[in-house]
Amino acid sequence: MRLKIRSLVKKWLRPVISIAITLGTVTLSGQVAFATIDPVPDHIANIDHLFALPSGSDSVLPDKGVTVVNNALPNQSGAIWSQEANKIDLTKDFTSTMLLNFGDSAASAADGMAFVMHNDSSKTGAIQPSNTPGNQLGVWAPQLTDASSSNVEVNKAIQNSFAVEFDTYQNNNWDVSDFSQEQSWGRYSINETQISGQSHIAYGFPSQTSSYYVGQTSSGIFGLTTKYSSALKHQGLQTFSSTISNGRWHTFKVSWSAANKTLTYSFDNQAQPTVVSINPMQTFGSNSVYWGFTGKTGTFFERNAVAFQSISNIPTTKQDFKTYHKNADGSQGNEVTQANPAKPNEDLLGVINGTNTSNTTDTSWKSVAIRGKKMGTDSNQGYLYNSGAGITINGKKLDGSSNYQTPAVDLNGNAQTVRNAKDTDLFSTKLGDYGTGINLGDIAMGSTITTKVNFKAGSPTPTDGKSNLGSEMDIRLDGTTASEETMLKAYVTSVPTMSLDSQATANSPTIITGDNTLTLSGKWQQPSNDSKAVGTLNYSIDDGPNKTVALNSIGGDFTQKIDLSGVSMSQVHKVSAYISNAGYNEKSNVVTTYVTGGSLSFSQINSDIGFSDGITGQNQLLGRNSDNWAPTVRDTRGKGSSWTLMAQASPLVRTSDNKQLDGNLVYVANKQTANITNTATVVANKVTTTDFDETAVNWSKDAGIMLQYSGGAYSGEYTGTIKWTLASVPSP
């Protein structure tokens, strides 16, 4: 305890008179200071429109539910008040659990902040001038220091108010725990005890003179001059041995009992809450009061911030925003996700649910307006609202009638003309701006309003070359008592297409000559023009393992060589190809072509051939008994290749006794006859005129291979063997 005595000489000698006023004090041990500010505990985040800033305030409106009353800068003056729609109705019970943070300035902290309820005529504009001293915390009346009048200027305090101060700086002759006036032998003096500890909490009524001590001192020759000084009455005083500017979030609970007309508060779950009797009409002149916080800094400073875990007259709310594919009948299909993206120009359905999850009475989510914003750098990326597609609210179509109107204020609280809402009011035509909005009305406790919007997918959303990044859309549900916001990623994919300049069939495959390399040339394209959505050519041989070739382009002509080493080119092979694109990882249509290596072979050989009957007993030449008697030759070596077919024959013998026929096979051409023996005889040849040639060797009726025998030949069944030889002849 520190005792200070201020005395001056007064000319009249009087007996000693001593008046002492002492208020109860609770001393609490402080918490150890931290070098950083702790993360914010769980709290309400949807209070964007709960508060208003008076002109000149250094406060910052809530961001993700955290309100900065003042930043850690010198000479800050903060004030923030509940909006008109969020005033406290003192005819009803009210409770709130708040989280207070006084920065991490430790021993250098100043000056603190105050929780204030008021009915000042300035309403949400109530604020003290920025040059007021820090000890006033933006709410108290100025301190008297050797003043000529004993009147405390309570008119400079926030009027019709009640305040709980959280003071982090001990101001001499102001922050006192007791105060007494003494008179002795013509002298007036003030005895006061400075509050101990580094921080303290107390309450008072800033615009009431009863909340201040005033003492008299004497000065001048023979004490002829009278001066006055004042100090704050710290009612319900709680002191802390160490600073509360320690980086931690402190719990501050407030409750109002309408029946008992008492306000109860506690700090960090103190064992004995502080109870204050308040007559609303005497203190505030009304049962409806503004509430909020003030804060000050001076040469020393701290960051003061507030968050809320509960506010009884503010509803708990939630918003759900998703988009869906449409089924063939127009009904809601599967959700649009990164794994199940939309395609460009696809019709989609957006569903926005706003729910009031409160379970206490009189907590309507009031005057809720829905607004949308498309974000990004390209208004065509992602999905866009189709202005002609229609909106339904709880199943009722928005038709331009008076059923639904535009909000009375914009997002900044500025008045705007109310008119019948249209589909186009949901989204702004300007990228990055919210639309005018549609007023959905109040959402009662436990109720949900569902808004359905028809969207049309735009061009593909961006990619980083690894994944579809999506394009954000923002939907806000803003009410006077709560706000919700959902940022949703819209995923629109880019499906490539491809074609080949030439596609060969299995019956007419592409002929590979030389180095066993197939050249695939064609075109590919995709809806995206993202430079990272480069293509890759994927191919397989005969449905085997997939292989890839990088195209290093996002579309256009391509020519790629496919290595067919190790593939048997004596057969026809199927080559399947498609394009995939980086980031979107989509596949194009599959294109199939056929290829062979350029071989010369028999594609068909008849194993059972013969000659026509008609033996006459004379020398005779018999023709073949079938039109497809000779082999079929396949030449896939390319146009202009040459081949020669040769035949060798064994003697014909009778099957019953192995007696040799008196005759032999002959080759007849140009009326010339040549015996076919075990020496190869040329019977056909050709120069091909196509890359893939298949020739069924045939001769005219009186030419080709025939049977010649003498008239003395014995009748019977004779068999023998023809050996066919196919020879490659160099192209001319």
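The side chains of K561 and T519 are joined by a polar contact of 3.4 Å in this predicted model. K561 itself belongs to strand β39, which spans residues 556–563, and its other contacts, once neighbours within four places in sequence are set aside, can be listed in full: K561 touches T517, L518 and T519. With a relative accessible area of 61%, K561 counts as exposed, because the cut-off for that class is over 50%. T592 stands 31 residues from K561 along the chain, and the C-alpha atoms of the two are separated by 16 Å.

A second residue, D478, lies in strand β32, which covers residues 471–478. D478 has a relative accessible area of 5% and is therefore buried, the limit for that class being under 20%. Its side chain makes polar contacts with the side chain of R476 at 2.7 Å and with that of S483 at 3.1 Å. Apart from neighbours within four places in sequence, the residues in contact with D478 are H49, S367, V368, A369, R371, L411 and S483.

The side-chain polar contacts described above are set out here.

| Residue | Partner | Distance |
|---|---|---|
| K561 | T519 | 3.4 Å |
| D478 | R476 | 2.7 Å |
| D478 | S483 | 3.1 Å |

As for the wider arrangement, the protein is divided into domain 1 (51–144 + 152–173 + 197–211 + 238–311), domain 2 (317–484), domain 3 (497–597) and domain 4 (600–728). Between the C-alpha centres of domain 1 and domain 2 there is a distance of 38 Å.

Definitions and conventions. Residues are numbered from 1 along each chain as its sequence is written. This is a predicted model: local features need pLDDT of at least 70, side-chain atom pairs count only at pLDDT 80 or more; totals for chains, interfaces and linings use all residues. Side-chain values use heavy atoms; hydrogens and water are left out. Domain bounds come from an automatic or database domain assignment. Helices (H or I, at least four residues) and strands (E, at least two) are DSSP runs, numbered from the N terminus. Buried means under 20% relative accessible area, exposed over 50%, partly exposed in between (1.4 Å probe, protein chains only). A polar contact is a pair of N or O atoms within 3.5 Å; within protein, one must be able to donate a hydrogen and the other to accept it, and residues adjacent in sequence count only if both atoms are side-chain atoms. Contact means heavy atoms within 4.5 Å.
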